[in-house]
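Reader: I would like a close look at a single part of this model, followed outward into its surroundings. Please take it step by step, and keep each statement tied to the residues concerned.

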Amino acid sequence: MENKELIFDSNIDKLIESADLTKEAPTEEPYRQYWFMKKARQLVNEKSKELNRDLTFCVNTFGCQMNARDSEKLVGVLERIGYVEAPDENADFVIYNTCTVRENANLRVYGRLGYLHSLKKKNPHMLIGLCGCMMQETQVVEKLKKSYSFVNLIFGTHNIYKFAELVVSALTNDRMVIDIWKDTDKIVEDLPSERKYPFKSGVNIMFGCNNFCSYCIVPYVRGRERSRNPKDIVREIEHLVADGVVEVMLLGQNVNSYGKTLEEPMTFAQLLQEIEKIEGLERIRFMTSHPKDLSDELIEVMKNSKKICRHLHLPLQSGSSEILKKMNRKYTKDQYLELVEKIRKAMPDISLTTDIIVGFPGETEEDFLETVDVVEKVRYDSAFTFIYSKRTGTPAAAMENQISEDVVKDRFDRLLSRVQEIGRTMSARYTGTVQEVLVEEQNSQDTHLMTGRMSNNLLVHFEGDTSLVGTICQVRLDECRGFYYMGTKVG
C-alpha cells in the first residue's frame, strides 16, 4: 500500500457494510477480507438466531508479544463478525495462538486440546481453531490430523490476514480446514484489531527473521525478514495516538535490521526519529534487539530522545565466544561487552535486560562460567533464563554433546541465583527518586493500589484510584521489594 492512506477502524466498518455478497469475493486485499467479514457476520447472525443467544469466543495466546499482537487482530475480526468475548474456554469458538520456541509450549497445547474436546462434546456448535508458530511445523499438523480430528481450523503465521476467509470456511465445512503457507513476502495492511489496553499498543514494524541462530525455529515458522513501509507505521501510530494511546511497543524479531527489504532503505534509528515527531505520543519501546546489528546511530538517537524508554532488551544467550559461534550469533563475548560499555557510557541510567540459554550442546563448565562472568560485568536489571530446548529442524538439535539434565539443572539454578541477586541490587538503585510512571491497572492484590510502569520497565505500586489508568504520574519510589517498588504519588 505504498501510496495509499491507511484505512482506519471507522472506515473499515463502512467498507465491510458496503461489501456486495451477491458478487464474487474481490481478489484485492484487504477488500477481499472485508467481503468475508460481512459473509461471516451473516453466518454468525443465522446461528445466533437458531440458538437464540449470542455466539461467544475465547482467544488464548501462548508465547511472545508478536503473538499477542496477532491475537488482537483475531479478536478484532471476531468482534466485527458478531462474536462476543467469553471469560474462558467454555465458548462457541476457541482459538489457541501457539508458540513453538520451546517444546513444553507444544505440550501445553496438546494438553489443553483434550480439555477442549470434552467441552465440544457438550456443545456441538463449538469451533476450535489453532494458529501461530506451532502450526508451521509439518509434524505438528500431521499429528493434529491423526489424533485431534475434532479441531476445525488450522492456519499459520503467514496468512493470519486471511482469518475472516478461513472463519467462513470453518463455519460452512464439516471437515478440518487447514491453510498453511511455507513462506510469504506479503504484508496486508488495514485489518481490524482490538487492543487489550486503550492507552498502549504493540505495532509491528517488520515480520520474520534472517538470522538463523542454530537453536531457533523462528525463521522457519515466521519466514524471512520483511519490513513494513515507514509511512504506514507512522500513520498507524498517529491513529493510535488519536485514539488515546500514549505508549507504543515497536515489534520485530530483530528491530535493528529494520528497513533492509524496503525499496528505499531506512534504518531503525531513522524510523525512531520519525515516530518521535508524532505529537501526543509519550513513550516508545521496542523489542527485540540483536547485538550484532545495534548501531552507533541507534545509541545516539536513544541518547538524545525524550520519548524512547530507558530500557533495552539485549539478548546475550551465552557468554562463551565458542558457544556463541556454535549458536551462529555473529558476535563474541568481548564484542558484546564493548557494546554494553558504549551503551552505558551514552546512557548511564539505561536498564538492561537479557535472554540467556543454559545447557546448549557442547557447553562446558568453563563456557558456563563465561556466561556468569558477563552477568557479573554487565549487571542486568533482570534476565530471562532458559534451559536449552531441542527443536526438531534446527541445526542445534542434531549437534553432538547434548548436556545431561542434572548438569543443566545445576547450572540453571546457579545462574538464576546470581541473576536475581544482581537484579535486586540494580533495581534498588532508584530508591528515593521521583519517576514518571504510566499507570496500567488497579492492583489485583490490593484495590487501594494502582500498578504502573517506569520508563526502565520496572513496576511500581502506589495508592490511587482507577481514574489514573492510562495517565503518566510522578511517583516517589519509597521501597524496593526485589523487582518492583512501593511508591507514593506526588504532585
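Which residue in β11 does L250 stand opposite?

Author: The model is a predicted one, and everything below is to be read with that in mind. L250 stands opposite F286, a residue of β11. The two strands concerned are β10, which spans residues 247-251, and β11, and they run parallel, joined by five bridges. Between them the chain passes through helix α9, residues 268-276, and this β-α-β crossover from β10 to β11 is right-handed.

Strand β11 itself covers residues 283-287, and because four of its five residues are buried, the strand is largely enclosed by the rest of the structure. F286 is one residue that can be followed individually: its relative accessible area is 8%, so F286 is buried, the cut-off for that term being under 20%. F268 has a relative accessible area of 3% and is therefore buried by that cut-off too.

These two phenylalanines also meet each other. A pair of aromatic rings is described by the distance of the centres and the angle of the planes. The whole structure holds 15 aromatic pairs, and one of them is formed by F268 and F286, with the ring centres 5.0 Å apart and 80° between the planes, an edge-to-face arrangement. The pair links distant parts of the chain, since F268 belongs to helix α9 and F286 to strand β11, with their positions 18 residues apart in the sequence.

L250 brings the strands and the helix together in one list of contacts. Not counting residues up to four places away in sequence, L250 touches F268, L272 and I275, as well as I284, R285, F286 and M287, and the list is completed by V203, I205, I237 and V255. Several of these names return when the largest nonpolar core is considered: the core has 69 residues, and those that touch the most other members are I237, L250, F268, I275 and I343. The largest share of this core comes from helix α14, residues 405-427, which contributes six residues. A second core, separate from this one, has 34 residues, and I12, A40, V75 and V77 are among them.

Just after β11 the backbone has a feature that deserves a careful look. Most residues other than glycine have a negative phi, and most peptide bonds are trans. The peptide bond from M287 to T288, however, is cis, with omega near 10°, and T288 lies in the loop between β11 and α10, the latter spanning residues 296-304. Another cis peptide bond runs from E29 to P30, with omega near 5°, and P30 is placed in the loop between α1 (9-18) and α2 (31-51).

Positive phi values can be set beside these bonds. N52, a residue other than glycine, has phi near 60°; N52 is found in the loop between α2 and β1 (56-61), and with a relative accessibility of 70% it counts as exposed. Q317 likewise has a positive phi, near 75°, in a residue other than glycine, and its place is in the loop between β12 (311-313) and α11 (321-327). Q317, in contrast to the exposed N52, is buried, its relative accessible area being 7%.

The stretch around Q317 can be followed through the contacts of T371, a residue of helix α13, which spans residues 365-378. T371 counts as buried at 2% relative accessibility. Leaving aside neighbours within four places in sequence, T371 is in contact with L316, S318, G319 and S320, and also with I356 and L415. The C-alpha atoms of T371 and S320 are separated by 6.1 Å, although the two residues stand 51 places apart along the chain.

A few other aromatic and charged side chains complete the account. Y83, F93, F155 and F163 are linked into a cluster by ring pairs. The charged end of K143 sits over the ring of Y110, at 4.0 Å from its centre, and K200 lies over the face of Y197, 4.8 Å from the ring centre.

Key. Residues numbered from 1 in each chain as written. Heavy atoms only, no water. Buried < 20%, exposed > 50% of the residue type's maximum accessible area, 1.4 Å probe, protein only. Pairing = 2+ DSSP bridges. Right-handed = clockwise from strand over helix to strand, strands pointing away. Phe/Tyr/Trp six-rings, centres within 6.5 Å; stacked < 30°, edge-to-face > 60°. Lys NZ or Arg CZ within 6 Å of the ring centre and 35° of its normal. Core = buried A, V, L, I, M, F, W, Y, C linked by side-chain atoms within 4.5 Å. Contact = heavy atoms within 4.5 Å.
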